[in-house]
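Biologist: Before we talk about any part of this model, please let me see it. After that I would like to ask how each label is earned.

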Amino acid sequence: MAFAGPAKTQTKVLKFDTEEDVAVALAKYTADLSEKYINEKGSFSVVLSGGTLIDTLRKLVESPYKQSVDWSKWLIFWVDERVVPLDHEDSNYLLASRGFLSKVRYLFLPATFTPSTTRNLRKVQQTDYEDRLKDLVSRKILPISNISGFPKFDLMLLGMGPDGHVASLFPSRHHRYEKERWVTFITDSPKPPPPRITFTFPVINSASEIAMVITGADLAGTTKIALGNGQIPGSTPLPCTEVSAEGELTWFLDKDAASKL
Ligand SMILES: O=C1O[C@H](COP(=O)(O)O)[C@@H](O)[C@H](O)[C@H]1O
């Protein structure tokens, strides 16, 4: 059932009985958007998160979508990555690779992270990823939002941590306030591993569509705050409350995550 959420963007909050129902609805939502954007512009740019999102996306790589989605028109990006080799257990790339990418026949990964062995690893990866995005913009593969001036992706699929973080933008870390860069880095993430790179809010919020995918009772309190006034008394607003889309923001909640609303 849908009802209006916070007023800052077009927001929908969808509540489902079970996590399985969320997975089914998320697959249909993503497949429908894929068809719409491919019909309109010939491609579909999708930004993945790590964490539980990849498992919740599992229905998308099963029948009927596995066969019906035109994967060859997908452009896949990551909203954040942990600074570890791509085959490391902590890598968001590896997680998506096992749970998603390996299940479909053809996917284009235009901006995969490249691990480097230079000393300032975080900075190098941040710059490298931002440069790759700029190259895609210059080749007209990725558009720029004429509202924000930042790159505009068709769909961002976001998770949320119990502390209200999204991507690798954490409540107590200053890099969440970055307003100029497309990609920033953090060396002391409160959630391991400490070094990470991440899209900034101006990039996240330039997306046409955003799905916030939240399941499990451990996120009920944070979900209540996020969809309420967004703030724990005496602290700064949670990063998840800064998410807004140029088109529509849709929250997918299971009953447990929505239990305190
Ligand atoms: O560390 C991360 O955390 C968030 C949330 O993950 P979850 O396991 O609580 O769903 C994730 O969206 C992000 O990509 C990841 O790097």
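Biologist: In which loop does Pro64 lie?

Modeller: Pro64 lies in the loop between α2 (53–56) and α3 (65–68), where helices are DSSP runs of H or I with at least four residues, strands are runs of E with at least two, and both are numbered from the N terminus. This is a predicted model, in which local features need pLDDT of at least 70 and side-chain atom pairs count only at pLDDT 80 or more, while totals for chains, interfaces and linings use all residues. Residues are numbered from 1 along each chain as its sequence is written.

Biologist: What makes the peptide bond from Ser63 to Pro64 cis?

Modeller: The peptide bond from Ser63 to Pro64 has omega near 0° and is cis. The bond from Pro192 to Pro193 is also cis, with omega near -5°, and Pro193 is found in the loop between β7 and β8.

Biologist: Pro194 is found in that loop between β7 and β8 as well; why is Pro194 called partly exposed?

Modeller: A residue is buried if 20 or more other C-beta atoms, placed from the backbone, lie within 10 Å of its own, exposed if 12 or fewer, and partly exposed in between. Pro194 has 13 other C-beta atoms within 10 Å, and is therefore partly exposed. Leaving out residues up to four places away in sequence, Pro194 touches Thr187, Asp188 and Ser189, where contact requires C-beta atoms, placed from the backbone, within 7 Å.

Biologist: Lys140 and Ala167 caught my eye; what is noted about phi in Lys140, and what about phi in Ala167?

Modeller: Lys140 has a positive phi of about 60° although it is not a glycine, and phi of Ala167 is near 50°, again a positive value in a residue other than glycine. Lys140 has its place in the loop between α5 (121–138) and β6 (155–158), whereas Ala167 is in the loop between β6 and β7.

Biologist: How do you know whether Lys140 is buried or exposed, and how do you know it for Ala167?

Modeller: Lys140 has 8 other C-beta atoms within 10 Å, so it is exposed. Ala167 has 29 C-beta neighbours inside 10 Å, and therefore counts as buried.

Biologist: Asp32 is found in helix α1 (residues 19–41); what makes Asp32 count as buried or exposed?

Modeller: Asp32 has 11 C-beta neighbours inside 10 Å, so it counts as exposed.

Biologist: How do you know that β5 and β8 pair?

Modeller: Two strands pair if DSSP finds at least two bridges between them, and β5 and strand β8 (residues 196–199) have three bridges in the antiparallel sense. Within this pair, Glu81 has Ile197 in β8 as its bridge partner. On β7 the antiparallel link to β8 has four bridges, and Thr184 stands opposite Thr198 in β8.

Biologist: What order do the strands of this sheet follow, and why do β5 and β7 stand at the edges?

Modeller: The open sheet of three strands has the order β5-β8-β7, with antiparallel pairing. β5 (80–82) and β7 (183–186) each have a single partner strand, so one side of each is left without a neighbour in the sheet. From β7, Val183 and Phe185 point one way and Thr184 and Ile186 the other way, and all are buried.

Biologist: Why is β10 described as largely enclosed?

Modeller: Six of the seven residues of strand β10 (residues 248–254) are buried, so β10 is largely enclosed by the rest of the structure. Strand β2 (residues 10–16) runs parallel to β10 and is joined to it by seven bridges, with Phe252 in β10 as the bridge partner of Leu14. Strand β9 (residues 209–214) also runs parallel to β10, joined by six bridges, and Ala211 stands opposite Thr250.

Biologist: What makes a set of residues a nonpolar core, and which members touch the most others in the largest one?

Modeller: A nonpolar core is a set of buried Ala, Val, Leu, Ile, Met, Phe, Trp, Tyr and Cys residues joined through C-beta atoms within 7 Å. Of the 66 residues in the largest nonpolar core, Val47, Met156, Leu157, Leu158, Met212 and Val213 touch the most other members. Leaving aside neighbours within four places in sequence, Met212 has contacts that include Leu158, Val243 and Phe252.

Conventions:
Two residues are in contact if their C-beta atoms, placed from the backbone, lie within 7 Å.
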